[in-house]
Amino acid sequence: MSGRSAMRRIVAIVIVVGLVVALAVGARSLWIAAQVGAGYAAKVTCSLALNSGQDAATVFRDYVSHEVTPLGRVLRLSVSARGVETSALGLVHAHAVYRRGLGCTLLSGVNQQDLALPNGIAVARRTLDPGLPWPDGAAGPETSAPQAVMDAIDKAFEEPGSMAPGHIRQTKAVVVAHDGRLVAERYAPGYGPETPMLSWSMAKSVLATLVAIAVADGRLSLHQPAPVPEWSAPGDPRHAITLDQLLRMSSGLAFDEHYGAINDVSRMLFTAPDTGAFAARSPLEVAPDTRWSYSSGTANIVARLLRDAFRGDLAGLVRYAD
């Protein structure tokens, strides 16, 4: 065989191997994206239908299916009082279970029997005094809002005719507060002040407040190394990270918060059985307190630390938070 023929053969082999690798990587990415989409659809539909009381079909049609495009076109939902199951072409499945008093949880690598509702969890939602102003009660705005505020709310609910199908606002609620008092509020038909909504990252503020109370009560230490099992070895470069640094999102941990189908935050929320453990496996990217980086991963590590402070007593944690 001539040298030129041998070189061509080597080049051909390299190209074929490269294509095989690229196809494998692409197939894996598509598989992860499908799992994320199915998990998102199951969890969000479960939360909005069973925890919030919204219509499951409407939630999926007007909200969820657009968020998981193009997977939404082939997703099928099964909704019951116990939870929501999703499937895509019979290949990808996800199941979120509803536990009264706790909400919806994805069964991702977890047995449903392991998620039995603990005894002692209070399930009744508190009612606010309608005669007291917000936030102490449920009374509406005391005075009319400025016209500029009302114009902004009008715009928030307006559906521009130029917007393409599938890219609509679907605003359900707008609440405006100023100087600690309610200024204005408006709700879409079928929604109102008593309709529970997805909090998404607003839950981080609730979590930080609970952690502050737990620190004041001596349950957690703010400036000592955080008791994260994955970092327990003294030689681990993450061992010295403190709860304070996690709360301030300056831990230095690597975490991809750019939302997409296969990034860290989506895989953590919609495919991982333990979100805190998923985030705790993140390597140290820079030294703590040298860079601020928004991270839902560190928030889930903090949430797990708060849970661990109650030594597995989930009912105790719920009562404490209440």
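In this predicted model, a good place to start is a charge resting on a ring: the charged end of Arg 219 sits over the ring of Tyr 320, with 4.8 Å separating that end from the ring centre.

Aromatic rings also meet one another here, and the chain holds 4 aromatic pairs. One of them joins Tyr 40 to Trp 200 in a stacked arrangement, the centres being 6.2 Å apart and the planes 10° from each other. Tyr 40 belongs to helix H1 (residues 3–51), while Trp 200 sits in the loop between strand S6 (181–187) and helix H4 (203–216), so this pair ties together parts that are 160 residues apart in sequence. The two partners can be told apart by how covered they are. Tyr 40 has 10% relative accessibility and counts as buried, because the cut-off for that label is under 20%. Trp 200, at 44% relative accessibility, counts as partly exposed. The pairing goes on to a further ring, as Tyr 40, Trp 200 and Phe 270 are linked by ring pairs into a cluster.

Stepping back to the chain as a whole, there are 9 helices and 6 strands. The chain has 322 residues, and 35% of them count as buried. Its accessible surface comes to about 19000 Å², with 58% of that belonging to carbon and sulfur atoms. As for contacts with a separation of 6 or more, 56% of them are between residues 24 or more positions apart.

Next comes the interior. In soluble globular proteins, nonpolar side chains tend to be buried together. The largest nonpolar core of this model has 26 residues, and the ones with the most contacts inside it are Val 228, Trp 231, Leu 246, Ile 301, Leu 305 and Leu 306. Several elements give two or more residues to this core, namely H4, helix H5 (243–247), helix H6 (264–271), helix H7 (275–280) and helix H8 (296–308). Of these, H8 gives the most, with 5 residues. Leu 246 shows what the surroundings look like from within: leaving aside neighbours within four places in sequence, its contacts include Trp 231, Ile 301 and Leu 305, along with Ala 226, Ile 241, Ser 251, Leu 253, Thr 298 and Val 302. A second core, separate from this one, has 25 residues, among them Ala 34, Ala 42, Val 84 and Ala 96.

Ala 96 gives a way into that second core. It lies in strand S3 (residues 92–99) and is buried, with a relative accessible area of 0%. Beyond residues up to four places away in sequence, Ala 96 touches Ala 42, Lys 43, Cys 46, Arg 82, Gly 83, Val 84, Thr 105 and Leu 106. Ala 42 and Val 84 in that list are also members of the second core. Ala 96 and Glu 85 are 11 residues apart in sequence, and their C-alpha atoms are 6.4 Å apart in space.

Thr 86 has its place in strand S2 (residues 83–88). At 3% relative accessibility, this residue counts as buried. A polar atom of the Thr 86 side chain lies 2.9 Å from the backbone oxygen of Ala 38. Not counting residues up to four places away in sequence, Thr 86 touches Ala 38, Ala 41 and Ala 42, as well as Leu 75, Arg 76, Leu 77, Val 92, His 93 and Ala 94. Ala 42 is thus touched by Thr 86 and by Ala 96.

Methods
Residues numbered from 1 in each chain as written. Predicted model: local features only at pLDDT ≥ 70, side-chain atom pairs only at ≥ 80, totals over all residues. Heavy atoms only, no water. Phe/Tyr/Trp six-rings, centres within 6.5 Å; stacked < 30°, edge-to-face > 60°. Helix = DSSP H or I, 4+ residues; strand = E, 2+ residues; numbered from the N terminus. Buried < 20%, exposed > 50% of the residue type's maximum accessible area, 1.4 Å probe, protein only. Lys NZ or Arg CZ within 6 Å of the ring centre and 35° of its normal. Core = buried A, V, L, I, M, F, W, Y, C linked by side-chain atoms within 4.5 Å. Contact = heavy atoms within 4.5 Å. Polar contact = N/O pair within 3.5 Å; in protein donor to acceptor, adjacent residues only side chain to side chain. Areas by Shrake-Rupley, 256 points an atom, 1.4 Å probe, with all protein chains shown as cover.
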